[in-house]
Amino acid sequence: MKKLLLAGTALAFFAAPLFSTTRYSTNPDECVDGVCFVPQYADDGRENYAIVSPVGYHDVPMISQAKRLDNLKGKTIALVGGSFMAPTTHNELKRCIEKEFPTAKIYMFDDIGQAGPYSVFGQTEKTKAFQERLKEFKVDAVIAGNCGCGLCTTKETGGSIAAEYIGIPTVTVAAPTFVAQVHSTGVNRGVPVLRTVEYPGAFASHSTDELKKNAREVLWPQIKTALTTQITKEEIAKYAPEGKRPAEEIIYYGNYDEIQEYMQINGWSDGLPVVPPTDEKIQEYLKFTGFKGSDVLGTFALAYRECTVYTVAANAVMAGVPPEFMPVCIAFVQGMNNGEWRKPLASTHGWTPFAWLNGPLARQLGIDNQQGMISEKANKALGRFIDLAMLNIGGYYVKENRMGSFGYLTPFTFSEDEEACALIGWEPYHVQHGFDLNANTITAGSALAWGNNITPATDDPEKIMNLMAFDITEKQQNGLGNTKPQVPRTVFITEYVAKDLAKEYKTKSDLEDALIETARRPLALRTYAHYWANTGSQQYKRRTFDQHYEMLKKDEAEQVKMTPTPEWYKPIITEDQIMTIATMNKGDTAFLVTGDANRNKVQVMPGGGFVTTEIKLPKNWNELVAPLGYEPIENFYLKANFNTDEGKKTDAESKSKKQPTAAKQGTRPQRLKRPLP
């Protein structure tokens, strides 16, 4: 590989020297003040690119870990966690300890409790209580597990990390494909070496006898070694290398093909070709931000990397979004630390992140909300940026801490059709959440499903609502709705279906209330899914199906009650009333008027939580974008005409202002589309 050189010194990834501008020469041996020039063209005539890194600096200081134990004789050992058949494996490990070290004292799950995921931004009360119990019981070593899925690995390593922070040696049990996630979770939270032992296979697929045998013969020997072998400098260097790299430092130069290979080798690309992130290119992008490149936007999980505006621009360049999209990219990154949004993204179930825009900027930039919307060039480029931002800013790596069993769909973006909302009388999403109609926002969400939409063959609003309720009960988190009973969802509604619904449901909130009451799932179906397809452990070994049914029936979270039999079940259920659970909570569903206005479609996508961030534009925005062919953003403002008291008030106040009257007249402002570079 070729690297830009200081005289006699290679610029490694974490080196200190700084280049703010690429400088070229026809003589690659020419150096001035120790700076060697990069040849603009290679010998074969192909152009060279001098690139910067798109990765933020890891901002969590590493702790000094306690010395490992000399042996386990007479030691106090805690076996903590509980996921993925841990009651079986941990109890077998307890027997192994008692047999080989009879003077050892052992505490189990119920004695110590759980720490939960460990946060470097401030420990939860649960984590603090866990640490206090470890101190109270004078624990010498912790065995945590089992790590067999993306989210549970974060949870179970929380116990190990919490213990290491108070000087207690640990070891974490993980299935093979989750070992790397244990290591990265530890480093990202300041623990250089989080020792792991590898279980041979999928925990929940093994019989009780297999689990016990593997605990004895495979895990126990590894655990003894992990707890009694001192951590080496080589281990620390492997998992937590030292050093800090300035954002603008040029780290490599080469032709286009070599740049692609370099990005792939370093794990900075999503597998597709990227635009080389040169400093010259990045400086063009920074002009559209109102920020300095060195301005820090925050430290972002999962890798807890400090991210500057410069780093955002590097990833925007790579994704191929136009420079004027930078305010959108910055706003998306600012929302990335929201816990409700990012919490499920490492799961094995494959949550795919996406985002939508509201406000006049979406119309000005041509972010599509019509037929084929997520496949339009501008929308796809923004989706690509999300993918790269998660990789390089958040530190989400497939097979390391992003653990989708079958992978992930490509992130996508679109906008809500606010002109249609105004014609119908429904508030756009951002207005529902307290933003002004002509404010610009980006909302990030995540989805577990795509497609398989409804085509209501009726204009009866109640019948359409029932069809939506039917689909909502079928679209749960995870395979059969076997985890949380009520989950967030995003619902796309095309314009004419929304018009029909608005005859009966004057606001989106009215529609949501009707769906909460109607979209209920038979408790028997919920029990079957939760019993036989439980995400973590085999329930049939704990209780009978009828016992499980009664357990869920008493669980307040299920919101069980006797209700009229849902309309779509009446052909097969003869009872007038049955026990049902709630599948929706107020405020958890985003209803968006979007998609092909000339098609009767509704699409329900279960997923994770949402975060909405306001997009801030530079004061001279119109001056910046005018040379690119854009009309002033004010030309894309709308008036309010919503079926709410607040909406009517806003509409009345806007009459004295000179704004486009598209929403009142039933026409739409002309959208200016600009080809991507």
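A biologist asks and a modeller answers about a predicted model of one protein chain.

Biologist: How many helices and strands are there in the protein chain?

Modeller: The chain has 677 residues, and 56% of them are buried. Among contacts between residues at least 6 apart in sequence, 79% join residues at least 24 apart. As for the elements, the count is 24 helices and 24 strands.

Biologist: Which residues have the most contacts inside the largest nonpolar core?

Modeller: That core has 68 residues. Apart from it lies another core, of 55 residues, with Met-108 and Leu-219 among them. In the largest core, the residues with the most contacts are Val-312, Val-321, Phe-332, Val-333 and Phe-385.

Biologist: What is the angle between the planes of Phe-332 and Phe-385?

Modeller: Phe-332 and Phe-385 are both buried. Phe-332 lies in helix 11 and Phe-385 in helix 14, so their pair ties together parts 53 residues apart in sequence. The ring centres are 6.4 Å apart. Planes over 60 degrees apart count as edge-to-face, and this edge-to-face pair has an angle of 80°.

Biologist: Which residues does Phe-385 contact, leaving aside its neighbours within four places in sequence?

Modeller: Phe-332, its aromatic partner, is one of the contacts. Val-312, Val-321 and Val-333 are also among them. The full set is Val-312, Asn-315, Ala-316, Ala-319, Val-321, Cys-329, Phe-332 and Val-333.

Biologist: Is Trp-450 buried, partly exposed or exposed?

Modeller: Trp-450 pairs edge-to-face with Phe-492, at 6.1 Å centre to centre and 75° between the planes. Trp-450 is in the loop between strand 17 and helix 17, while Phe-492 is in strand 18, 42 residues apart. Phe-492 counts as buried at 6% relative accessibility. Trp-450 has a relative accessible area of 38%, so the word for it is partly exposed.

Biologist: Which residues do ring pairs link into a cluster with Trp-450 and Phe-492?

Modeller: A search of the whole structure finds 25 aromatic pairs. Some ring pairs join up into a cluster that includes Trp-450 and Phe-492. The other members are Phe-354, Trp-356, Phe-412, Phe-414, Tyr-429 and Phe-610.

Biologist: How far apart in space are Gly-372 and Phe-414, C-alpha to C-alpha?

Modeller: Gly-372 is in the loop between helix 13 and helix 14. Its relative accessible area is 42%, so Gly-372 is partly exposed. Along the sequence, Gly-372 and Phe-414 are 42 residues apart. In space, the separation is 9.8 Å.

Biologist: Why is helix 5 described as largely enclosed by the rest of the structure?

Modeller: Helix 5 covers residues 179-188. Val-179, His-183 and Asn-188 are among its buried residues. Gly-190 follows the helix, with a positive phi near 95°. Helix 5 is largely enclosed because the buried share of its residues is 9 of the 10.

Biologist: At what angle do helix 9 and helix 10 pack?

Modeller: Their axes are 9 Å apart. Ile-282 and Leu-286 are among the residues of helix 9 that meet helix 10, where Ala-313 and Val-317 are among those met. The contact residues divide into 9 nonpolar, 1 polar and 2 charged. The helices are roughly perpendicular, and the angle is about 110°.

Biologist: Which residues does Thr-527 touch, not counting those up to four places away in sequence?

Modeller: Thr-527 is in helix 20. Its relative accessible area is 0%, so Thr-527 is buried. The residues touched are Phe-545, His-548, Tyr-549 and Leu-552.

Biologist: What separation do the C-alpha atoms of Ser-347 and Cys-149 have?

Modeller: Ser-347 lies in the loop between helix 12 and strand 15. Ser-347 is buried, with a relative accessible area of 2%. Ser-347 and Cys-149 are 198 residues apart along the chain. Their C-alpha atoms are separated by 6.6 Å.

Biologist: Is Lys-138 buried or exposed?

Modeller: Lys-138 is in the loop between helix 3 and strand 9. Its phi is positive, about 55°, although Lys-138 is not a glycine. Over 50% relative accessible area counts as exposed. Lys-138 has 65%, so the word is exposed.

Methods
Residues numbered from 1 in each chain as written. Predicted model: local features only at pLDDT ≥ 70, side-chain atom pairs only at ≥ 80, totals over all residues. Heavy atoms only, no water. Core = buried A, V, L, I, M, F, W, Y, C linked by side-chain atoms within 4.5 Å. Buried < 20%, exposed > 50% of the residue type's maximum accessible area, 1.4 Å probe, protein only. Contact = heavy atoms within 4.5 Å. Helix = DSSP H or I, 4+ residues; strand = E, 2+ residues; numbered from the N terminus. Axes fitted to C-alpha atoms, helices over the stretch in contact; angles between N-to-C directions. Parallel < 35°, antiparallel > 145°, perpendicular 65-115°, else oblique. Nonpolar A, V, L, I, M, F, W, Y, C, P; charged D, E, K, R; others polar. Phe/Tyr/Trp six-rings, centres within 6.5 Å; stacked < 30°, edge-to-face > 60°.
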